[in-house]
Amino acid sequence: MKKTTTLFSISLLFFSFIFFWANFQVMDYRSNVSHQLQVSETPIRPGLLKALSGEFRGVVADYLLLEAASFVGGDTKVSETQWGAVVHLLDQSSILDPYFKQTYIFAQGILPWRAQKVQQTMVILERSKKHRTWDWRPGFFIGFNYFYFFKDYEKASLELMEAAKVCGAPVVLVTLASRLASKSGQTSAGIDFLTSVYEKTEDEHTKIVLQKRIRALRGVLYLQSAIERFRAQFNRMPDTLNELIATSIISAIPPNPYGGYYALRDGKVEF
Amino acid sequence: MGQIWLLGKITFKEGIRNRILIGILFFAILLTVLNLVFAKMFTYDLSKVSVDLGLSMVSIAGLAVIFFMGINLLTRDFEKRTIYMVISRPIARWQYVLGKFLGLMLMVATSVATISCFAAGCVKTIAIYAPAYVPPNYSWTIFWLSVCFAFISLLIVTALAQFFTCVTTSSYLALLLTASSYFIGQNVEMVRKMLAGKDEFSSLFIFVVRIATWIFPNLSAFDIKTAAAYGLPMEVTSMGWVAVYGISYLFIILILTVFIFQRRELG
């Protein structure tokens, strides 16, 4: 009995020593192994992914997002292929749970800036916008991307107008949308939109902000129509807005409600 | 009814003897820790993550009870021949089937109730400490409704497990067939929708899928976890019909099990 116990204890000590030694070796060996995206190797089609996730798709979506976030948050320099994998993970996560706020916020915060994947981000944002009907942010981000990355002011303005209609959207969205509408030559549409929002608004402070913006856009519209008349008369664009007064097309430049003056830049009136 | 209740109680006690309650409690505590740690890893919709994980654990624990304990308890009577002791007493075979089902139902109910209470505790903790990260329309009513639907879904799987046990009398085959039915049940609706209006699939294949939607339960209809996580609006009529669908399917399976068991040679 004593002999067995001794043998047992020696064996335990021996294997414990081996185990600790091996564990230190493994930790040391793996310290340089950076986190790799496993899913990138096996892109799964959305239908199959949904089928495999079954009733646990919410948790799977969370996990995929976490996988992408932990990878991007690591110190590794991300290659083009790996960015593709991150996009794939976020897309999969968004397909499984299109309602999740973190997915689109993360996608917008990372993909267009660090990976130049604006188009892919737009797909995720569109999906979120469709499902999160109570949230103005996806529409706002879409509008922002049209403005900043695609320089499509008309689409940006339309998206922002749509986002501004969502309950709880900040009033700055309305004014921003109208400014972009004016920039894209859709000043009348901007005024109509502002007026419709103004009529529905009850908050006095918001009403003052909107009224100011409506006055500014009306000024732009007035000056634009004067420029058109100038062009029809002289067959060229005026060099400055003051030229409109000098040629008696208008008697005075309307005051800019934001202070300062209206300016003519690249044939467009700005305030 | 007295005999069914008695058998149900015995089956449930057998489960308790197998330390099912300790297992469930251990799982629930593990879930709480995991839930709070996992939710902390996110920065938006934290309660959604907690609901996702909590309700998934309710389903996983229920399925584990059915697959690893329920099927064993059912087949043990056949494999160890203890069924002779039961049916030699003044108990009808249909009473045996319903009694066993009642016992398993109590086990699943214990698991669902325990885990869902712990899950609700986690969600509540997050809602208290991070109220800004709870989706605006979140509703406890939908959360508990989701738990009820998960329970109905688990009862259907339990009934199927019992049915396959009676048909095969083998725990391995019953496990395999029940797991397959569960997987098909989770996806049958999606497959049917994917095939709808597509010409590239043969009409025979589409016909088989259509038949499958009538044979296997549409378990995805009972999955309202997403609605529970965000408090999405639920249509009362449609949910009512889903409940009626599930309960009627459950009774059909139980009747079929009784029917097969009545005619079974136990020699």
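**Entry 1: helix α8 of chain A**

I take two residues to be in contact if their C-beta atoms, placed from the backbone, lie within 7 Å. With that rule I looked up what covers the buried residues of α8(A), and the cover includes α7, α9 (171-183) and α10 (187-200) of chain A. I note at the outset that this is a predicted model.

I then listed the buried residues of α8(A): A156(A), S157(A), L158(A), E159(A), L160(A), M161(A), A163(A) and A164(A). I checked the length of the helix as well. α8(A) has 12 residues, and its first and last C-alpha atoms are 16 Å apart, close to the 16 Å expected at 1.5 Å a residue.

**Entry 2: two residues of α8(A)**

I picked K155(A) and L158(A), which both lie in helix α8 of chain A. Is K155(A) buried or partly exposed? I find 17 C-beta neighbours inside 10 Å, so K155(A) counts as partly exposed. The cut-off for buried is 20 or more other C-beta atoms within 10 Å. L158(A) has 22 such neighbours and therefore counts as buried.

I looked up one distance for each. K155(A) and A216(A) are 61 residues apart in sequence, and their C-alpha atoms are 21 Å apart in space. L158(A) and F193(A) are 35 residues apart along the chain, with 9.9 Å between their C-alpha atoms.

**Entry 3: L160(A) and the core**

I went on to L160(A), which is on the buried list of α8(A). Which residues does L160(A) touch, not counting those up to four places away in sequence? I find F140(A), G143(A), L173(A), L176(A), A177(A) and L180(A).

The largest nonpolar core has 130 residues, and L160(A), A177(A) and I115(B) touch the most other members. I asked which helix gives the most to this core. It is α6 (residues 140-168) of chain B, with 16 residues. L160(A) and A177(A), two of the residues named for the core, also touch each other.

**Entry 4: helix α5 of chain A**

I compared the length of α5(A), residues 101-114, with the expected span. At 1.5 Å a residue its 14 residues should span 20 Å; the end C-alpha atoms are 20 Å apart, so the two agree. I also looked for a bend, and α5(A) bends by about 30 degrees at A107(A). A107(A) is itself among the buried residues of this helix.

How many residues of α5(A) are buried? I count 10 of its 14, so the helix is mostly covered. The buried residues are K101(A), Q102(A), T103(A), Y104(A), F106(A), A107(A), Q108(A), I110(A), L111(A) and P112(A). They pack against α3 (57-73), α4 (80-96), α6 (118-131) and α7 (137-148) of chain A. α5(A) is followed by Q116(A), whose phi is positive, near 50 degrees.

**Entry 5: F106(A)**

I chose F106(A) from helix α5 of chain A. F106(A) has 22 other C-beta atoms within 10 Å, and so is buried. Its contacts, leaving aside neighbours within four places in sequence, are L65(A), A69(A) and L90(A). I looked up the distance to A69(A), which is 37 residues away along the chain: the C-alpha atoms are separated by 7.9 Å.

**Entry 6: where chain A touches chain B**

I listed the contacts between the chains and found 17 residues of chain A in contact with 23 residues of chain B. On the side of chain A that touches chain B, α2 (46-53), α3 and α5 of chain A each supply at least two residues. Which element has the largest share of that side? It is α3(A), with four residues. By class I find eight nonpolar, four polar and five charged residues on this side of chain A.

**Entry 7: chain B as a whole**

I read off the elements of chain B: 10 helices and zero strands. Along the principal axes, the C-alpha trace of chain B spans about 65 × 55 × 30 Å. I checked the radius of gyration against the rule for a compact globule. With 267 residues the rule gives a value near 18 Å; chain B has 20 Å, which agrees.

I also looked up burial and contact range. Buried residues make up 43% of the 267 residues in chain B. Of the contacts in chain B with a separation of 6 or more, 85% are between residues 24 or more positions apart.

Technical notes: Residues numbered from 1 in each chain as written. Chains lettered and ligands numbered in written order. Predicted model: local features only at pLDDT ≥ 70, side-chain atom pairs only at ≥ 80, totals over all residues. Expected span 1.5 Å × (residues − 1). Bend = angle between axes of the 7 residues up to and from the residue. Buried ≥ 20, exposed ≤ 12 C-beta atoms within 10 Å, placed from the backbone. Rg over C-alpha atoms; globule rule 2.2 N^0.38 Å. Core = buried A, V, L, I, M, F, W, Y, C linked by C-beta atoms within 7 Å. Nonpolar A, V, L, I, M, F, W, Y, C, P; charged D, E, K, R; others polar.
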